[in-house]
Amino acid sequence: MISLFEVYPLLEIEPVKAKGAFVYDKEGRSYLDFYGGHAVISIGHCHPHYVDRLQQQLNKIGFYSNSVCNPLQEELANKLTKLSGLENYKLWMCNSGAEAVDNALKMASFKRPNTNKVLTLPNCFHGRTSAAINVTDNDKIKSSINSSIEVEHIDLE
């Protein structure tokens, strides 16, 4: 049998459902969910509007490339324009924080093409892509392939 790669030490909690700000384990114990990590949904777990919209969309199509017209993306761009009041910006959507970090680094390099240096804060985690790992100061998760960017870690103290 293939075993799971141990990314983090596991807590002895097995969530089986979630609602609002709580997760529940298989024994029915509730935990106030302060986890602020992967796929964070700031509206809480299983919000009825969110679940309904997901179900509606999944009944139509679950995913397709952004190489075709997607009215939902246009709708979001319009809502963000109205809410922010910012009209001369472009919206780029991605599927993870690491992808966002990688592309932010890439876009910054377009603005400063002769610079290959990034300032970061200590003890930050930016994701698992090569560029995102490159800008962290945690040598335990780096390998030689993660060294294409010069990084200076600065304290704000």
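Residues count as buried under 20% relative accessible area, as exposed over 50%, and as partly exposed in between. The model shown in these views is predicted.

**View 1. The salt bridge between E14 and K26.**
E14 is partly exposed because its relative accessible area is 41%. Its partner K26 has a relative accessible area of 54% and is therefore exposed. The closest N and O atoms of the pair are 3.2 Å apart. E14 lies in the segment before β1 (15–19), and K26 lies in the loop between β2 (22–25) and β3 (30–32), so the salt bridge ties together parts that are 12 residues apart in sequence. The count of salt bridges in the model comes to five.

**View 2. The salt bridge between K117 and E152.**
The side chains of K117 and E152 meet with an N to O distance of 2.8 Å. This pair links distant parts of the chain, with K117 in strand β4 and E152 in strand β5 (residues 150–153), 35 residues apart. Both ends fall in the partly exposed class: K117 has a relative accessible area of 39%, and E152 has a relative accessibility of 33%.

**View 3. The network of D25, E27 and R29.**
Salt bridges that share partners join these three residues, D25, E27 and R29, into one network. Within it, E27 forms a salt bridge with R29, and the closest N and O atoms are 3.0 Å apart. E27 is exposed, with a relative accessible area of 52%, whereas R29 is partly exposed at 46% relative accessibility. Side chains of opposite charge can pair when their charged atoms come close.

**View 4. Helix α3 and its two sides.**
Helix α3 covers residues 97–111, and at 1.5 Å a residue its 15 residues should span 21 Å. The end C-alpha atoms are 21 Å apart, which agrees with that expectation. The buried residues of the helix are A98, N103 and L105. They cover an arc of only 150° around the axis, and therefore lie on the same side of α3. The elements that cover these buried residues include β4 (117–120) and α4 (130–134). F110 and K111 are exposed on the other side of the helix.

**View 5. The nonpolar surface patch that includes M93.**
L76, L80, L83, L91 and M93 make a nonpolar surface patch of about 450 Å². M93 is found in the loop between α2 (71–84) and α3. This residue is partly exposed, with a relative accessible area of 31%.

**View 6. K90 in the loop between α2 and α3.**
K90 is exposed, since its relative accessibility is 85%. The C-alpha atoms of K90 and A77 are separated by 8.4 Å, while the two residues are 13 residues apart along the chain.

**View 7. S130 and its contacts in helix α4.**
Neighbours within four places in sequence aside, S130 is in contact with I145 and N146. The C-alpha atoms of S130 and N146 are 5.4 Å apart in space, and the residues are 16 apart in sequence. S130 belongs to helix α4, one of the elements that cover the buried residues of α3. S130 itself counts as partly exposed, at 35% relative accessibility.

**View 8. C46, a residue with positive phi that is not a glycine.**
The phi of C46 is about 60°. C46 sits in the loop between β3 and α1 (48–58). At 38% relative accessibility, this residue is partly exposed.

**View 9. N123, a residue with positive phi that is not a glycine.**
The phi of N123 is about 65°. N123 is located in the loop between β4 and α4. With a relative accessible area of 73%, N123 is exposed.

Methods:
Residues are numbered from 1 along each chain as its sequence is written. This is a predicted model: local features need pLDDT of at least 70, side-chain atom pairs count only at pLDDT 80 or more; totals for chains, interfaces and linings use all residues. Side-chain values use heavy atoms; hydrogens and water are left out. Helices (H or I, at least four residues) and strands (E, at least two) are DSSP runs, numbered from the N terminus. The expected span of a helix is 1.5 Å times one less than its number of residues. Buried means under 20% relative accessible area, exposed over 50%, partly exposed in between (1.4 Å probe, protein chains only). The arc is that of the directions from the helix axis to the C-beta atoms. Contact means heavy atoms within 4.5 Å. Patches are made of residues with over 30% relative accessible area and no salt bridge: like charges are joined within 9 Å, nonpolar side chains (Val, Leu, Ile, Met, Phe, Trp, Tyr) within 5 Å. Accessible areas come from the Shrake-Rupley method with a 1.4 Å probe; for residues, only the protein chains shown count as cover. A salt bridge is a side-chain nitrogen of Lys or Arg within 4 Å of a carboxyl oxygen of Asp or Glu.
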